[in-house]
Amino acid sequence: MLYKAFRVEEIDGKFEHSIQTLSTDDLPAGDVLIKVHYSSLNYKDALSATGNKGVTKRYPHTPGVDAAGVIESSSDPTFRAGDKVIVTGYDLGMDTDGGFGQYIRVPAAWVVALPDGLTLKEAMIIGTAGFTSGASIMRLAELVKPSDGKVIVSGATGGVGSVALAILSKLGYQTVAVSGKEAEFDFLKKLGASEIISRNEFLALDKKPILSARYAGGVDTAGGVILENIIKTVKPLGAVSTCGSVSGTSLNVSVFPFILRGISLIGISAQNYPMNLRRELWQKLAGAWKPDCLMDLYSEITLDELSGCIQAILQGKIKGRVIVKLSPEFGN
Ligand SMILES: NC(=O)c1ccc[n+]([C@@H]2O[C@H](COP(=O)([O-])OP(=O)(O)OC[C@H]3O[C@@H](n4cnc5c(N)ncnc54)[C@H](OP(=O)(O)O)[C@@H]3O)[C@@H](O)[C@H]2O)c1
């Protein structure tokens with residue numbers, strides 16, 4: 001079968017992309033062939049699409065760490081043709097051709113049945129970014145309850161940050177958003193933020209090793225100085241989750257927040273999240289944790305429009321989630 005894909009090639013050391021017609025015969029080996037209805041754009045996809053060898057080692061390649069679609073054929077008895085499914089993470093879109101193509105072929109062990117309560121489109125509005133928000137909140141909620149105080153969220157207008165704000169608000173947490181986009185403060189209020197701090201103001205906090213305790217917890221998506229300042233301002237026994245590095249990859253903090261306040265730092269990796277927890281989290285995201293404002297959180301594009309959005313996400317300019325519709329014939 002022939003299909004269309006956003007293909008990235010390495011030509012004379014440069015990375016170029018185009019929409020190409022490929023054959024499913026050339027997809028990698030795997031148990032399950034899936035017709036992709038929707039994918040979504042994540043920060044990692046932009047790295048893969050621009051030749052970041054830490055993400056993708058082999059080109060030509062089709063990026064897209066997310067896919068939601070319908071099984072075309074399966075050699076594994078767990079799935080049957082016609083089943084609606086989600087694939088996020090593992091090696092999809094890294095060195096395995098990903099969701100920016102109309103078909104993927106993957107191991108059955110990567111596939112989650114679409115839970116009741118979500119359409120394929122809604123699953124991709126959540127996507128890896130929203131799944132990461134959910135994973136962050138699942139761990140944070142073990143240590144921080146809504147009655148403990150406010151939870152601060154960085155990179156608040158981005159994919160992980162915006163869904164995190166929406167889920168936290170739904171669960172009854174009071175939230176504080178840190179954002180570099182002053183024009184989007186109304187959007188952040190709509191997601192439930194009760195207070196908004198400009199990113200520059202938060203970056204400019206005093207350099208002391210520990211600062212006044214203000215927040216019960218934090219969901220950090222930025223890393224670097226932003227994460228350092230969250231750690232320094234979390235109250236005794238509070239917790240901070242860390243998943244991203246858009247602001248920096250190093251962490252220069254003293255032990256004081258840990259040994260004087262007993263705070264916890266929780267690392268989040270959505271890529272290889274264990275399948276039992278993965279199913280449990282998708283169930284939550286389809287039910288009690290499904291953001292009420294999901295439909296206000298996304299914009300929809302086609303494969304032809306990916307190029308501009310990839311540049312925008314690399315520049316930190318995306319608001320909320322961007323989903324990719326793989327074919328005009330697909331509905332929800
Ligand atoms: N560990 C995991 O499993 C996992 C999974 C998914 C994503 N991630 C990582 O999480 C991070 C966020 O992903 P995403 O999908 O939410 O990306 P995104 O949609 O691009 O959002 C990132 C947001 O961070 C803020 N930002 C941009 N540049 C910044 C800078 N220099 N300093 C501080 N803040 C900056 C911007 O929000 P404001 O303008 O509102 O500040 C931006 O919208 C990325 O590093 C991504 O790789 C990790």
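**Ligand shell, domains and a few odd backbone spots**

Trainee: How do the residues of the shell around the ligand divide into nonpolar, polar and charged?
Mentor: Keep in mind that we're looking at a predicted model. There are 32 residues around the ligand. By class, they come to twelve nonpolar, three charged and 17 polar.

Trainee: Which residues come nearest to the ligand?
Mentor: Start with the helices: H1 (43-49), H2 (120-140) and H3 (159-170) each give the shell at least two residues. For the nearest ones, look at Gly-155, Gly-158, Ser-179, Gly-244 and Gly-316.

Trainee: Which domains does the shell around the ligand draw at least three residues from?
Mentor: The domain assignment splits the chain into domain 1, made of 2-114 plus 297-325, and domain 2, covering 128-267. The shell takes at least three residues from each of them, that is, from domain 1 and domain 2.

Trainee: What separation do the centres of domain 1 and domain 2 have?
Mentor: The two do touch: twelve residues of domain 1 are in contact with 14 of domain 2. On the domain 1 side, those residues are four nonpolar, five polar and three charged. Taken over C-alpha atoms, the distance between the two centres is 29 Å.

Trainee: What is the radius of gyration of the protein chain?
Mentor: Let's build up to it: the chain has nine helices and 15 strands. The globule rule gives 20 Å for 332 residues, and the model's value is close to that, so the chain is as compact as a globular protein of that length. The radius of gyration itself is 20 Å.

Trainee: What share of the 332 residues is buried?
Mentor: For the overall dimensions, the C-alpha atoms fill a box of roughly 60 × 45 × 35 Å along the principal axes. Of the contacts between residues at least 6 apart in sequence, 70% join residues at least 24 apart. As for burial, the buried share of the chain is 48%.

Trainee: How wide an arc do the buried residues of H9 cover around the axis?
Mentor: In H9 (residues 306-314), the buried ones are Leu-306, Ile-310 and Ile-313. They sit on the same side of H9, because the arc they cover is only 70°.

Trainee: Which elements do the buried residues of H9 pack against?
Mentor: Just after this helix, Gly-316 has a positive phi of about 70°, and Gly-316 is also among the residues nearest the ligand. The packing partners of the buried H9 residues are H1 and the strands S1 (2-11), S3 (32-41), S14 (298-301) and S15 (321-325).

Trainee: Is Asp-12 buried or exposed?
Mentor: Asp-12 is in the loop between S1 and S2 (14-23), and its phi is positive, about 50°, though it isn't a glycine. Most residues other than glycine have a negative phi. Now count neighbours: there are 5 other C-beta atoms within 10 Å, and the cut-off is 12 or fewer, so Asp-12 is exposed.

Trainee: Which residues does Tyr-90 touch, not counting those up to four places away in sequence?
Mentor: Tyr-90 is in the loop between S5 (84-88) and S6 (103-106), with a positive phi near 50°. It counts as partly exposed because it has 19 C-beta neighbours inside 10 Å. Its contacts are Trp-110, Gln-271 and Asn-272.

Trainee: Which residues does a cis peptide bond join?
Mentor: Most peptide bonds are trans. Check the loop between H1 and S4 (66-74), where Pro-60 is found. There omega is about 5°, and the cis bond joins Tyr-59 and Pro-60.

Definitions and conventions
Residues are numbered from 1 along each chain as its sequence is written. This is a predicted model: local features need pLDDT of at least 70, side-chain atom pairs count only at pLDDT 80 or more; totals for chains, interfaces and linings use all residues. A residue is near a molecule or strand if its C-beta atom, placed from the backbone, lies within 6 Å of it. Helices (H or I, at least four residues) and strands (E, at least two) are DSSP runs, numbered from the N terminus. Ala, Val, Leu, Ile, Met, Phe, Trp, Tyr, Cys and Pro count as nonpolar, Asp, Glu, Lys and Arg as charged, and the others, Gly among them, as polar. Domain bounds come from an automatic or database domain assignment. The radius of gyration is taken over C-alpha atoms; the globule rule is 2.2 Å times the number of residues to the power 0.38. A residue is buried if 20 or more other C-beta atoms lie within 10 Å of its own, exposed if 12 or fewer, and partly exposed in between; C-beta atoms are placed from the backbone. Two residues are in contact if their C-beta atoms, placed from the backbone, lie within 7 Å. The arc is that of the directions from the helix axis to the C-beta atoms.
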